[in-house]
Structures are given as structure tokens and as C-alpha cells.
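The following exercises are to be worked through with the sequence and the structure at hand. Each task is followed by a solution in steps.

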Amino acid sequence: MSEAIRARTLQALRAAAQFDIPPESLARVMAATPDLLSRPERVAEIEGHIRAIRLEGVTIPVHARWATLPALGNMAEAFVESMLVDFGWQPLYDDDSGYSAGHGVDLLMLDPSLSPVVAIEVKSTIQRGRWPRRPPESRAQMTPAWLGRASNEGMREWTFDADDVHSMIVQAHLGRLKWRVCVAGDLDSPLPVASVDQLVDLSWLIERN
């Protein structure tokens, strides 16, 4: 099941439209607000490296690269959350650590109709030659088993299981300033998003499923 979901998700993402990330939107999420973080000291230096590579083309020092990835992921999550809020979505759960290193969903949000709860996974990269990679089958995400794990903090906090949520996978390329997305009413049937208007009204997803 997990391999089938992974394959269909990759197919849907490749078929999805590529949307622009406005530079000003990315700039707004390049620095976290310290009093909103649980561990602000951990992210300050990392954010500096990311701003340097995005704004000045400076290479991230080798010793800082692995530490940079979680903060990069958090910036991508913040961009996706703020964008969906602009479309009328309501946040239920997000990460306040300032670095994305958890083992569960990145975001839980209500769509503009306030009806379906959507579990959102955001993948990001700044590497020019490729889109963010999906995890291998051994670490498959957005499967019923993964959503139901005790370590999936957002799902546990709201006492949701896989049957309670739709799913969304977002790939954000912070180097190219592009993003693409697929959504699923049934976890094993992800569909590509071809227009941002589809994120304002998910009725098309319900009809397709």
C-alpha cells in the first residue's frame, strides 16, 4: 500500500502546475519571531546562512549544511501556511520549534469551507537541479499507518486518525522560487493541482473521489 501511495503521489506532483513563490512572501518567513519559538537560539545562526545563500548567493559552510535543512523546511512550512491562510484556510496545528525535524504532519488546517481537515506535508530544497525528494518506502509518509503513529504529534493532539483527514503534499523549491502540490480525499488517490483556485474550493476533490 505505501509503495502504491508513494508512486501515485510522485505521479500527481509531476503532473501538477508549477506556481511562483513571490520573493516578498519568502522574505517574510526567512526570520522566525523569537517569542513564538520554543528554542529560538537554535535557529538564529541557521537562518543567517539561509538568508545568505538566498539573497547573496553565498555557499552554506559544510559544517552547517545538515543543521540548515530543518530550518529550511520550517521556512517552507511557514510559507505554505501563510499562503493557505490568505486563501481562507484556518490553522489547527503547526510546529513552533523553528526547525522542521519532527516525525509527523507538518501542518493541520481546515479548508475555506471549514469542513475537511487537511494533513499537510511540506518538502523543500534549494538545490537547483531537482525537486525535493520524497522519502523511501521504508519511511513512507501520508499512509494510514504513518498518520496513526503515536509519534505523529499533530494527529495525536487532535485525536485524529487517517479516516478523519484529507492529505496534501507540497514541494517548495526555494532556489527556483517555485512550488507544486497534490491533494487527496482518499489517501491512495492523490490528484495534481493545476490552478490555485482549486485550493480556495475543494469541492472538485470531493466530486473526483
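Accessible areas come from the Shrake-Rupley method with a 1.4 Å probe. The model is predicted.

**Exercise 1. The chain as a whole**

Task: State how much area the protein chain exposes and what share of it carbon and sulfur atoms supply. Then describe the elements, the burial and the contacts of the chain.

Solution.
Step 1. The exposed area of the protein chain is about 10,500 Å², and 51% of it is supplied by carbon and sulfur atoms.
Step 2. Eight helices and seven strands are found in the chain.
Step 3. A residue counts as buried under 20% relative accessible area. Of the 209 residues, 47% are buried.
Step 4. Take the contacts between residues at least 6 apart in sequence: 61% of these join residues at least 24 apart.

**Exercise 2. Aromatic rings**

Task: Determine how many aromatic pairs there are, and classify the pair of Phe79 and Trp179.

Solution.
Step 1. A pair of aromatic rings is described by the distance of the centres and the angle of the planes. Ring centres must lie within 6.5 Å for a pair, and planes over 60 degrees apart count as edge-to-face.
Step 2. By this rule, three aromatic pairs are counted.
Step 3. The centres of the Phe79 and Trp179 rings are 6.4 Å apart and their planes stand at 70°, so this pair is edge-to-face.
Step 4. Because Phe79 belongs to helix α4 (residues 65–86) and Trp179 to strand β6 (residues 178–184), the pair ties together parts 100 residues apart in sequence.
Step 5. Both Phe79 and Trp179 are buried. Together with Phe19, they form one aromatic cluster.
Step 6. Trp158 and Phe160 also form an aromatic pair, which is stacked, with 6.0 Å from centre to centre and 15° between the planes. Trp158 has 34% relative accessibility and therefore counts as partly exposed.
Step 7. A ring can also lie beneath a charge: the charged end of Arg180 sits over the ring of Trp131, 4.2 Å from its centre.

**Exercise 3. Strand β4 and its partners**

Task: Establish whether strand β4 is mostly covered or uncovered, and in which direction β3 and β5 run relative to β4.

Solution.
Step 1. Strand β4 spans residues 117–125, and eight of its nine residues are buried, which leaves the strand mostly covered.
Step 2. Strand β3 (residues 107–110) is joined to β4 by four bridges, and the two run antiparallel. Leu108 stands opposite Ala119 in β4.
Step 3. The hairpin of β3 and β4 has six residues between the strands, and Leu114 takes a positive phi near 60° there.
Step 4. Strand β5 (residues 165–173) is joined to β4 by nine bridges, and these two run parallel. Ser124 stands opposite Ala172 in β5.

**Exercise 4. Salt bridges**

Task: Find how many salt bridges the whole structure holds, and decide whether Lys123 and Glu121 are buried or exposed.

Solution.
Step 1. Side chains of opposite charge can pair when their charged atoms come close. The cut-off is 4 Å from nitrogen to carboxyl oxygen.
Step 2. A search of the whole structure gives two salt bridges.
Step 3. In one of them, the side chains of Asp20 and Lys178 meet at 2.4 Å, N to O. Since Asp20 lies in strand β1 (residues 19–20) and Lys178 in strand β6, the pair ties together parts 158 residues apart in sequence.
Step 4. Asp20 has a relative accessible area of 52% and is exposed, whereas Lys178, at 25% relative accessibility, counts as partly exposed.
Step 5. Lys123 forms a salt bridge with Glu121, with the closest N and O atoms 3.3 Å apart. Both Lys123 and Glu121 are buried.

Note on methods. Residues numbered from 1 in each chain as written. Predicted model: local features only at pLDDT ≥ 70, side-chain atom pairs only at ≥ 80, totals over all residues. Heavy atoms only, no water. Buried < 20%, exposed > 50% of the residue type's maximum accessible area, 1.4 Å probe, protein only. Contact = heavy atoms within 4.5 Å. Phe/Tyr/Trp six-rings, centres within 6.5 Å; stacked < 30°, edge-to-face > 60°. Lys NZ or Arg CZ within 6 Å of the ring centre and 35° of its normal. Pairing = 2+ DSSP bridges.
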